[in-house]
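Me: I'm new to looking at protein structures. Could you walk me through this one, feature by feature?

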Amino acid sequence: MKITIYSWSTRLEGVPDTSPTRADALLAAATLGLVAVAVAADRPAPGGAALAVVVGAVLGGLVLYARRWPLPALVATAVVILGYYALDLPPVGVAAPAAAVLYRVSERGRVVPAAVVAGSLLAVSVAARLVEGDDVAVVVGTELGSEAALLLAVIALGDAVRNRRSLRAALVRQAVAADEERHREAARQVEAERLRIAREVHDTLGHTMSVITLQSAVAREALADSDPAQADNALAAIRSVSGSAMAELRATLGTLRREPGPREPVPGFDRLPALVDGVRRGGLVVDLRIEGPVDTLPAVVGSTVYRVVQEALTNVLRHADATRVTVAVRATPGRLALEVVDDGRGGPPAGYGTGQGLRGMAERVALLGGTVETGTAATGGTGATGGRATGGSGGFRVSVHLPLAGVAA
């Protein structure tokens, strides 16, 4: 069993410190000194002087506790001041002995109680002095104004200090939150770039290795059949796809290393026919159908279409055991539909749907706000060109829908 022991001096996060500070000690000493000066100036009997000093010490002690218990300290201060005058001790006014506690109470956010107690002390003081027969002009005209001004000043000062401290704390919290958000955004950007590079490397190498495997088998069969022309074509296809893959890999590595100089352009829609031709040279029949205004497609859409078709054809070469594939693209002013259907075995083998290729395909399409559907072609719906999905009673189908509105060119 784990036991955690906390020290009494431990401050909980977010909980303000309520221990007396050096400023509290100075205010308490000033309050006691004020009473001592009044006693020295009035020169009462020794017993009265000692009692006045004790009351001054009590008032100073209340200042020390006003930070932790503001309202009890405020009420106790008012009671002690009224008791001080009830004992007919040397006069010190009501504003001066109460100023320190009023400041601390308002600084702790209790402005209204501080104002109420201050007003009540003034009212009682004025009424008592008028009852005792003091000059009205002096009590109301001179001393009331100065006392009220002092009380209002200390209350306003305490509230201003509290507001400034709250503002400073809010600014610190905002700065911390902004810094954390910058770190999170940087981490998100790094993660997004990492996934992009992973997709590029997977799509490039995956397709290249599939074509090389297929073409090397064709070349081997051609050599066995003494058909050098077909073997030469297969080797030429291997060389072509290897060169393209190396160019893309160099561009990716250049991005990682931040090397200067021109970059290999990202494969786009214009390279789709070449991609299809490379697969056709391996003996797989690929029917490419394109409808609509594809020349004005945004570059990011063209690149996504290229990569989706590349991954779909790679999966056909690896898994489908198909003889024919239909790639259908239909573009409208606001939407693009893509469908790749083969006549292979239909259901994907184990692990096909959880591989990196389909995951990367879904991520690419999701970045543009599109959708991807995969499944057996026989259960698919309408194809991208408006007709029924091809593939007869079997085959596998990849259907992609991409919005064009709002995509940067």
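Me: Let's start with the whole chain. What share of the residues is buried?

Reply: Happy to help! Of the 409 residues in the chain, 36% are buried. Keep in mind that this is a predicted model. As for secondary structure, the chain has ten helices and five strands.

Me: And what does the surface consist of?

Reply: The chain has about 22,800 Å² of accessible surface, and carbon and sulfur atoms account for 61% of that area.

Me: How much of the chain can I trust?

Reply: Here is the general idea: where pLDDT is low, the predicted coordinates should not be read in detail. In this chain the mean pLDDT is 77, and 80% of the residues reach 70 or more. Residues 1-15 stay under 50, and the model gives them two contacts beyond four places in sequence. Residues 350-354 are also below 50, with six contacts beyond near neighbours in sequence.

Me: How do I describe two helices that pack together?

Reply: Two packed helices are described by the angle between their axes and the distance between the axes. Try helix α3 (residues 70-86) and helix α5 (residues 111-131): their angle is about 5° and their axes lie 11 Å apart. Because angles under 35 degrees count as roughly parallel, α3 is roughly parallel to α5.

Me: Which residues meet there?

Reply: From α3 come Leu-71, Leu-74, Ala-78, Ile-81 and Leu-82, and they meet Pro-113, Ala-114, Val-117, Leu-121 and Val-124 of α5. By type, this contact has ten nonpolar residues, no polar ones and no charged ones.

Me: May I see a second pair of helices?

Reply: Sure! Look at helix α8 (residues 272-280) and helix α9 (residues 299-320), whose axes cross at roughly 10° and come within 10 Å. Therefore α8 is roughly parallel to α9. On the α8 side the contact uses Leu-272, Leu-275 and Val-279, while α9 brings Val-305, Tyr-306, Val-309, Gln-310, Leu-313 and Leu-317. This contact divides into eight nonpolar residues, one polar and no charged.

Me: Now a single residue: is Leu-89 buried or exposed?

Reply: Leu-89 sits in the loop between α3 and α4 (95-107). Its relative accessibility is 8%, so Leu-89 counts as buried, the cut-off being under 20%.

Me: What does Leu-89 touch?

Reply: Leaving out residues up to four places away in sequence, Leu-89 touches Gly-48, Leu-51, Ala-52, Val-55 and Tyr-84. Gly-48 is 41 residues from Leu-89 along the chain, yet their C-alpha atoms are separated by 6.5 Å.

Me: How far along the sequence do contacts reach in the chain as a whole?

Reply: Taking contacts between residues at least 6 apart in sequence, 72% join residues at least 24 apart.

Technical notes:
Residues are numbered from 1 along each chain as its sequence is written. This is a predicted model: local features need pLDDT of at least 70, side-chain atom pairs count only at pLDDT 80 or more; totals for chains, interfaces and linings use all residues. Side-chain values use heavy atoms; hydrogens and water are left out. Helices (H or I, at least four residues) and strands (E, at least two) are DSSP runs, numbered from the N terminus. Buried means under 20% relative accessible area, exposed over 50%, partly exposed in between (1.4 Å probe, protein chains only). Contact means heavy atoms within 4.5 Å. Accessible areas come from the Shrake-Rupley method with a 1.4 Å probe; for residues, only the protein chains shown count as cover. Axes are lines fitted to C-alpha atoms, for helices over the stretch in contact, and angles run from 0 to 180 degrees between N-to-C directions. Angles under 35 degrees count as roughly parallel, over 145 as roughly antiparallel, 65 to 115 as roughly perpendicular and the rest as oblique. Ala, Val, Leu, Ile, Met, Phe, Trp, Tyr, Cys and Pro count as nonpolar, Asp, Glu, Lys and Arg as charged, and the others, Gly among them, as polar. pLDDT is the predictor's confidence in each residue, from 0 to 100.
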